[in-house]
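Work through the following exercises with the sequence and the structure beside you, and try each task before reading its solution.

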Amino acid sequence: MQQLIHENKTFEKVVYTGELIRGREFQDCTFKQCDLSNSEFSGSKFIDCVFEGCNLSMLKVGNTSLQSVTFKDCKILGVNFHECSDFLFSVAFENCIIDFASFSGKKMAKTNFVKCSLKETSFVQTILTGSKFEQCDLSGTLFNRSDLSSVNFATAYNYTIDPEINTMKKAVLSAEGLAGLLLKHQLKIV
């Protein structure tokens, strides 16, 4: 990974824990079973990249550009995505552990979270219009002053959302999930 620009490469089982890697560009690259935990990729660009089975926990992404980046079967604990560049920010997650992360202030309409754990994750002032949380655990996840219009929560669970401080027009919820909208009122639902 010493080069500044990488195109159409596959990085497999690379271990770069705690490394400082700045100002790199990765286009159409695949990362398989890599351990990049506690590393810093500040000022780097990832365009049309896929991460599969990687450990990205505590990855530092200040001013990092994520454009059409897909994460599959990854461990992404405590990553502050809110520090990423806003320019063309586009991500998708499948079967990932994204606990204790932050997407605060991000514009991420139509983002797919499929079979993910998003425990204690922060969505403050986040635009999620048309996004999908399919079979996701949202225990302790914070939605505050976010646009959740047309977001699909039909198969998500363990969420608590205050509809008085979030925009939820046309959001899709399951009957079981309605209790998560009323929690602040301390109602007993039987």
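**Exercise 1.** How many bridges join strand 9 (residues 91-94) to strand 10 (residues 112-114), and do these strands run parallel or antiparallel?

*Solution.* In this predicted model, strand 9 and strand 10 run parallel, and two bridges join them. To find one such contact, start at Phe 93, whose bridge partner in strand 10 is Phe 113. Then widen the view to the open sheet, in which seven strands with parallel pairing follow the order 2-4-6-8-9-10-12. Strand 2 (10-12) and strand 12 (132-134) each have a single partner strand, so one side of each is left without a neighbour in the sheet. From one strand to the next, the twist averages 10°.

**Exercise 2.** Decide which residue of the salt bridge between Asp 86 and Lys 106 is buried and which is exposed, and explain what the pair ties together.

*Solution.* First, the side chains of Asp 86 and Lys 106 meet at 2.4 Å, N to O, which satisfies the cut-off of within 4 Å. Next, Asp 86 has 55% relative accessibility and therefore counts as exposed, whereas Lys 106, at 1%, counts as buried. Finally, Asp 86 lies in the loop between strand 8 (69-72) and strand 9, while Lys 106 lies in the loop between strand 9 and strand 10, so the pair ties together parts that are 20 residues apart in sequence.

**Exercise 3.** Classify Glu 40 and Arg 22, whose side chains meet in a salt bridge, by their accessibility.

*Solution.* The N to O distance of this pair is 3.0 Å. Glu 40 has 18% relative accessibility, and because buried means under 20%, Glu 40 counts as buried. Arg 22, with a relative accessible area of 48%, is partly exposed.

Notes. Residues are numbered from 1 along each chain as its sequence is written. This is a predicted model: local features need pLDDT of at least 70, side-chain atom pairs count only at pLDDT 80 or more; totals for chains, interfaces and linings use all residues. Side-chain values use heavy atoms; hydrogens and water are left out. Two strands pair if DSSP finds at least two bridges between them. Helices (H or I, at least four residues) and strands (E, at least two) are DSSP runs, numbered from the N terminus. Axes are lines fitted to C-alpha atoms, for helices over the stretch in contact, and angles run from 0 to 180 degrees between N-to-C directions. Buried means under 20% relative accessible area, exposed over 50%, partly exposed in between (1.4 Å probe, protein chains only).
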